[in-house]
Protein chains: 2
Amino acid sequence: MDALFQGLRDQIETLSKLEEDEWREFKTYWKPLSLEKGKQITKIGQVEDYFYYVYEGVVRGYAFKDGEDISIGFSYKGDYSGAYDSFLTRNPSEWCMETTTEVELARIHHDDLMRMFDKYKSIERWGRLFNAKMLIGMSRRQVESRSYTAEERFDRLMDQSPHLFQLVSQRHIASYLGMTPETLSRLRKKVR
Amino acid sequence: MDALFQGLRDQIETLSKLEEDEWREFKTYWKPLSLEKGKQITKIGQVEDYFYYVYEGVVRGYAFKDGEDISIGFSYKGDYSGAYDSFLTRNPSEWCMETTTEVELARIHHDDLMRMFDKYKSIERWGRLFNAKMLIGMSRRQVESRSYTAEERFDRLMDQSPHLFQLVSQRHIASYLGMTPETLSRLRKKVR
DNA sequence: ATCTTTTCTTGATCTATATCAACCCACGGA
DNA sequence: TCCGTGGGTTGATATAGATCAAGAAAAGAT
């Protein structure tokens, strides 16, 4: 619990240093939250009101494409999570989040965060840099998905996040990689 | 020229209002720039030092995938442009920018912008919201490229930016849509 | 205006990956 | 202990779109 808040603070301060009293106040708006495996966090069609910090476990973000569940991304320890799109635009979310393991999170409500942005420049700065970081990550992934074949994408994921294969099911990984479970299965066979 | 700055200011103020004197100072760092068609703005491998505002014309961003030039995106009147990734990370850019028409731009140097972020909270806020806007646009495009077939992507572009077909060559549009020029040509035939 | 170069079109194949279908395996509940 | 349900595998077939190749048209260059 203390460790959770310490992790959160450290994470924030990689982007923008906070004064002791700024942090003391900011901290009061973050609420810890423990969830068991397989819990829905955000549902499609509702506006995302929270911004999440993942302290322990894995959260999966996914959307529906004609009935099929397709994974958008995974958040691990130290990541932020949530239907950030909807959180920003205040439009109903087109995707949802669920826990794939037991998780420990902290979350802050949109309105509280906005108030903090208004009040503290250091937090506003954190917001700017956080968005920048997301942007960079997303543009990397875009290049990734555009420039590589299914097989290359698979190899690269095996390389970069082998642990993922332990944590979530094949079908979720497959949809994340933009291929069918069958194709993924065949690729894995090839490697073995 | 006055119109250019007015456009820039309006654009900025859709995200964050500036005081008269804040704008007066901020404005001094933005330098207007006219370029003819076909000019390289940023080259691969160099760090992007500028952030661009497009007042007139079209700028194309592209990368190289085994020798082939693939378009990442286009910026029109009122958009911002530049190898934003590299601008943020200060790493050498993996893509480059060129004008596809005559253009009128204004640009600000990275260091000046950083100083402005430090000095004015309203500009820091603009930075945060600008990043958020980019993020939203990018996540939309990601969904776009992932959930639709080549034909659907084409139809949607025809719908949303028909003018683009006048402004840039088929091959650039094709690579932007993630298909070969041949495929694009066949799709266009289908529509006619 | 003529020549050259580039872009666009069209047709014939080829290939990666999807789709459909059957089967196996592991695990949780009765 | 047996059964059912969902995830994973494997095989056969289908298909969107790529690739290769060659001609037509448009755009620059001299």
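Q: At what angle do helix α8 and α9 of chain B pack, and how do I read that number?
A: The general idea is that angles of 65 to 115 degrees count as roughly perpendicular. In this predicted model, α8(B) (residues 170–177) packs against α9(B) at about 100°, and their axes are 8 Å apart. The two helices are therefore roughly perpendicular to each other.

Q: Which residues make that contact?
A: From α8(B) come Gln170(B), Arg171(B), Ile173(B), Ala174(B) and Leu177(B), while α9(B) brings Pro181(B), Thr183(B), Leu184(B) and Ser185(B). Sorted by class, the residues of this contact are five nonpolar, three polar and one charged.

Q: What surrounds DNA strand D?
A: There are 16 residues around DNA strand D, and the closest are Gln170(A), Ser185(A), Thr149(B), Ala150(B) and Thr183(B). Two or more residues each come from α8 and α9 of chain A and from α6 and α9 of chain B. The top contributor is α9(A), with six residues. As for classes, seven residues of this surface are charged, six polar and three nonpolar.

Q: How should I read the sheet in chain B, and what is the order of its strands?
A: Strands of a sheet pair through backbone hydrogen bonds, either parallel or antiparallel. Here four strands of chain B make an open sheet, ordered β1-β8-β3-β6, with antiparallel pairing. β1(B) and β6(B) are the edge strands, each paired on one side only. Two bridges link β3(B) to β6(B), and Tyr52(B) has Ser81(B) as its bridge partner in β6(B).

Q: Which helix lies across β1, β3 and β8 of chain B?
A: That's α1(B), residues 2–13, running at about 115° to β3(B). Helix α4(B) packs on the sheet too, touching β3(B) and β8(B), and its direction makes about 60° with that of β8(B).

Key. Residues are numbered from 1 along each chain as its sequence is written. Chains are lettered from A and ligands numbered from 1 in the order in which they are written. This is a predicted model: local features need pLDDT of at least 70, side-chain atom pairs count only at pLDDT 80 or more; totals for chains, interfaces and linings use all residues. A residue is near a molecule or strand if its C-beta atom, placed from the backbone, lies within 6 Å of it. Ala, Val, Leu, Ile, Met, Phe, Trp, Tyr, Cys and Pro count as nonpolar, Asp, Glu, Lys and Arg as charged, and the others, Gly among them, as polar. Axes are lines fitted to C-alpha atoms, for helices over the stretch in contact, and angles run from 0 to 180 degrees between N-to-C directions. Angles under 35 degrees count as roughly parallel, over 145 as roughly antiparallel, 65 to 115 as roughly perpendicular and the rest as oblique. Two residues are in contact if their C-beta atoms, placed from the backbone, lie within 7 Å. Two strands pair if DSSP finds at least two bridges between them.
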